[in-house]
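Let's take a walk through this protein model together. Keep the structure open as you read and look up each spot as we get there.

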Amino acid sequence: MSMRVLPLLLEDETQRAIAQRNGLTDAILQEMALFSDSVDFNAAAFHALVLLARPLGGKEGSLFQGSMINSDILSSDGVGDEMNGIEIMLNAMRRFDSNELLQAKGCWAIVNIALVSTQRTMLLKRGGLSVVTNAMRRHPYDTEVQLRAVSALVNMVKPFDALEGEQNKEKELLDSMVDSIADLVVQAMKNCCSHEVILSRACLVLGNLSFRKSYKTSLVETPDCMEMLEWCYDTYLENKLIQKCTRDTLVRLGKKFPPKPPKPNKSKSSAAEESSKNTKNNIERSRSSSSSLTAALQEQGQISQDSMSNSDTTRTGALTQEDDDVSAITSSSERSSVIASPRQRKSEKRFSFFRSKSKRGS
């Protein structure tokens, strides 16, 4: 019961800071080792570790350069038969790999723990990548597991902030897993294609992998990897993260994009508006002259009331026809603004393509 209540207390930042300073992380990990057979206890413990590893002043899902968790039990090797904290976590995920709740909580804790480069290296050395990918493989349609797993991979495969001397070690550990990671991430994008957050995190994983030259061939040869990146780029036009990440990744993988169209010239637009204004003025002057002539002829008896009525009807009909033309143009313009752009139509075809292909594969 106390482990279930603990996450509620740790939501308070003041309480969390006190817990972090007084070694609560070590105590929780030791309890996980003692009660290794209880899935509920371990799931609640993972939830507490999520909060303990969360940076102070931050919220879940943001990007940070460090974490407030600073425990020797996480980053140091165990002594003798003693396991370090990360090994305790990973063993719990291996034991209960069929429990989607625990897998989601475990991957969620890894998201924050991997923010620290030494802890991330320890995760890789202890087999963290295989544990996360196994969770994705065992629960391919559970959106919570897929979200937490791809978020964990974002931090575990990022290439920039490893300590000097550790980057080569991390690359060696990633080399044997890159094909499996890319394939599972693409499958997650297919299975969760309506979940924008999962897609954005998946694009970040592929983007981080594409920074390593030796992995570009693996990404290009991964089935439907390029197609899914292009589909995300064509579909989520308003998501700036997806737009930038997918475009940059595709460029690094060799795709050529057409140059962006130039912005409209304001001077030409002003000239067109001036020409339209002059045309309207000429029409008004012509109408005024016609009315004056009609009045003069009527006074001289050279035009009958009936013919004047017919003339008004003809003039009115002409004006109505012009108004209809304007309405037609306006309607056409309005319609063109809601017709799917070529990119959108292309994405719809590609969407149906990979959905049907995924069904056939399953």
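In this predicted model, Glu13 and Arg16 are partners in a salt bridge, with 3.7 Å between the closest N and O atoms. Why do they sit about one helical turn apart? Both belong to helix H2, and they are three residues apart there, so about one turn separates them. Now check how much of each one is covered. Glu13 is partly exposed, because its relative accessible area is 38%, while Arg16, at 2%, is buried. The cut-off for buried is under 20%, so keep that number in your head for the rest of the tour.

Just before that helix you'll find Glu11, whose side chain meets that of Arg54 in a salt bridge, 3.9 Å from N to O. This one reaches further along the chain: Glu11 is in the loop between H1 and helix H2 (13-21), Arg54 is in the loop between H4 and helix H5 (72-75), and so the pair ties together parts that are 43 residues apart in sequence. Glu11 is partly exposed at 45% relative accessibility, whereas Arg54 is buried at 12%.

Next, jump along to Asp97 and Arg138, whose side chains also form a salt bridge, 2.8 Å from N to O. Asp97 lies in the loop between helix H6 (85-95) and H7, and Arg138 lies in helix H9 (residues 128-138), so parts 41 residues apart in sequence are tied together by this pair. Here the acidic partner is the buried one: Asp97 has a relative accessible area of 19%, and Arg138 is partly exposed at 41%. The count of salt bridges comes to ten.

Let's turn to helices. Two packed helices are described by the angle between their axes and the distance between those axes. For helix H4 (residues 39-52) and helix H7 (residues 100-113), the axes come within 8 Å and cross at roughly 25°. Angles under 35 degrees count as roughly parallel, and that is why H4 and H7 get that description. The crossing of H4 past H7 is left-handed.

Back in helix H1 (residues 2-10), find Val5. Together with Leu8 and Leu9, Val5 makes a nonpolar patch on the surface, with about 290 Å² of accessible area in total. Val5 itself is partly exposed, at 36% relative accessible area.

One last stop: Glu230, in helix H15 (residues 225-235). Is Glu230 buried or exposed? Its relative accessibility is 16%, so Glu230 counts as buried. The C-alpha atoms of Glu230 and Gln243 are 9.8 Å apart, with the two residues 13 positions apart along the chain.

Methods
Residues are numbered from 1 along each chain as its sequence is written. This is a predicted model: local features need pLDDT of at least 70, side-chain atom pairs count only at pLDDT 80 or more; totals for chains, interfaces and linings use all residues. Side-chain values use heavy atoms; hydrogens and water are left out. Patches are made of residues with over 30% relative accessible area and no salt bridge: like charges are joined within 9 Å, nonpolar side chains (Val, Leu, Ile, Met, Phe, Trp, Tyr) within 5 Å. Accessible areas come from the Shrake-Rupley method with a 1.4 Å probe; for residues, only the protein chains shown count as cover. A salt bridge is a side-chain nitrogen of Lys or Arg within 4 Å of a carboxyl oxygen of Asp or Glu. Helices (H or I, at least four residues) and strands (E, at least two) are DSSP runs, numbered from the N terminus. Buried means under 20% relative accessible area, exposed over 50%, partly exposed in between (1.4 Å probe, protein chains only). Axes are lines fitted to C-alpha atoms, for helices over the stretch in contact, and angles run from 0 to 180 degrees between N-to-C directions. Angles under 35 degrees count as roughly parallel, over 145 as roughly antiparallel, 65 to 115 as roughly perpendicular and the rest as oblique. A crossing is left-handed if the near helix is turned anticlockwise from the far one by less than a right angle, and right-handed if clockwise.
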